[in-house]
Amino acid sequence: MFDTDALRLLDAVARTGSFTGAATQLNYTQSAVSRRIASLELQAGGPLFDRLPRGVRLTPAGETLHQHARAVLNRLARAEEDLAGIHGGYLGRLRVGAFATANVSLVPGALRAFRREFPEVELTPVEAPSGGLLRRMREGVLDVAVVSDYPSGLPYDEGVEIIPLLEDELLVALPRDHRLAGQEIVDLCELQEEAWIEAPSPGPATMLQVACARAGFTPRTTVRIAEWTGKFGFVAAGLGITLVPTLAARAVPPDLVLRSLGDLAPRRAVSAALPCSPLPAARTLVRLLSEAAGQ
């Protein structure tokens, strides 16, 4: 097995045509070069250079090994460049997780800006609830994620760095013909007889339940639907109402209206999550997410 230092020495001797030239180029002594080449020849099974009155030249065996050495050294140089690119943030792959409504506008906008800045980085988006994204990050599957504390808080994880991005108000989605659809701000107390559509809760209390408790009543949650498209369909059919994050407003169909709940409106924290030793590219994406969130 030829080591890379020996192959570099072989290449230097072949290019300079002498042991002395290679010694000068690599900062070796001439005797050290002679000993290393002799050891390499012993390993190769025969002479690699013809010793001439003035310098050396490759033997047929030396030419063959030199060709392989150049290929190996070029591949190693390319590997160094690729690794420098990955650690520098402009090459490689970036695995980006986000919860569903962050993918409506926040994440796509930041990814578009990132792609303009680093076109050689392959972006791999992953969509999942926030808890699942944090679990995947702990497992090393994600490089950066956008998470939120909706509907019932975000689990603490000392192995993940959390960077706040924005506070997102939750609006109430009503059918366009709803009795309160014409109001700019809806009093939450006026909705206590409504059926609410919510995803199954992973925690003890959702933001809706906390907000309704502040208003003095317990919400009637009769429909459990996780996907936003399903929630929109049920609201449009008059089967209930639901909370919609402001981030998702662009995705709401035209037969629904979004109204603020005023001072009682629940608000969720949207954050970026990074592993303990993040890639520079992930840091860059967090910066772009922060810029997009501030627009």
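Serine 148 sits opposite valine 270 of strand β11, in a model that is predicted. That pairing belongs to a longer run: β5 (residues 144-148) and β11 (residues 267-275) line up in the antiparallel sense over four bridges. β5 also pairs with β3 (residues 93-98), this time in the parallel sense and over three bridges. One bridge there puts valine 96 across from valine 144 in β5.

Here are the two pairings of β5 laid out:

| Partner of β5 | Sense | Bridges |
|---|---|---|
| β3 (residues 93-98) | parallel | three bridges |
| β11 (residues 267-275) | antiparallel | four bridges |

So how many residues of β5 are buried? Five of the five, so the rest of the structure largely encloses this strand. As for the side chains, they alternate between the two faces of the sheet in a regular strand. In β5, Val144, Val146 and Ser148 point one way, while Ala145 and Val147 point the other way, and all of them are buried.

Next up is helix α6 (residues 130-138). Its buried residues are Ser130, Gly132, Leu133, Leu134 and Met137. Which strands do they pack against? The list is β3, β4 (122-127), β5, β6 (160-175) and β11, so β5 and both of its partners from the table show up in it. Just past the end of α6, glycine 140 adopts a positive phi of about 85°.

Back to the β3 side for a moment. Threonine 101 lies in the loop that links β3 to α5 (106-117). Is threonine 101 buried or exposed? Its relative accessibility is 3%, and because buried means under 20%, it counts as buried. Leaving aside residues up to four places away in sequence, threonine 101 touches Trp228, Pro245, Leu247, Ala248 and Arg268.

Finally, a pair of helices. Two packed helices are described by the angle between their axes and the distance between the axes. For α1 (residues 4-16) and α2 (residues 19-26), the axes come within 8 Å and cross at roughly 125°. That angle makes α1 oblique to α2, and the crossing is right-handed. On the α1 side, the contact involves Arg8, Leu9, Ala12, Val13, Arg15 and Thr16; on the α2 side, Phe19, Gly21, Ala22, Gln25 and Leu26. By type, the contact residues split into six nonpolar, three polar and two charged.

Terms used. Residues are numbered from 1 along each chain as its sequence is written. This is a predicted model: local features need pLDDT of at least 70, side-chain atom pairs count only at pLDDT 80 or more; totals for chains, interfaces and linings use all residues. Side-chain values use heavy atoms; hydrogens and water are left out. Axes are lines fitted to C-alpha atoms, for helices over the stretch in contact, and angles run from 0 to 180 degrees between N-to-C directions. Helices (H or I, at least four residues) and strands (E, at least two) are DSSP runs, numbered from the N terminus. Angles under 35 degrees count as roughly parallel, over 145 as roughly antiparallel, 65 to 115 as roughly perpendicular and the rest as oblique. A crossing is left-handed if the near helix is turned anticlockwise from the far one by less than a right angle, and right-handed if clockwise. Contact means heavy atoms within 4.5 Å. Ala, Val, Leu, Ile, Met, Phe, Trp, Tyr, Cys and Pro count as nonpolar, Asp, Glu, Lys and Arg as charged, and the others, Gly among them, as polar. Buried means under 20% relative accessible area, exposed over 50%, partly exposed in between (1.4 Å probe, protein chains only). Two strands pair if DSSP finds at least two bridges between them.
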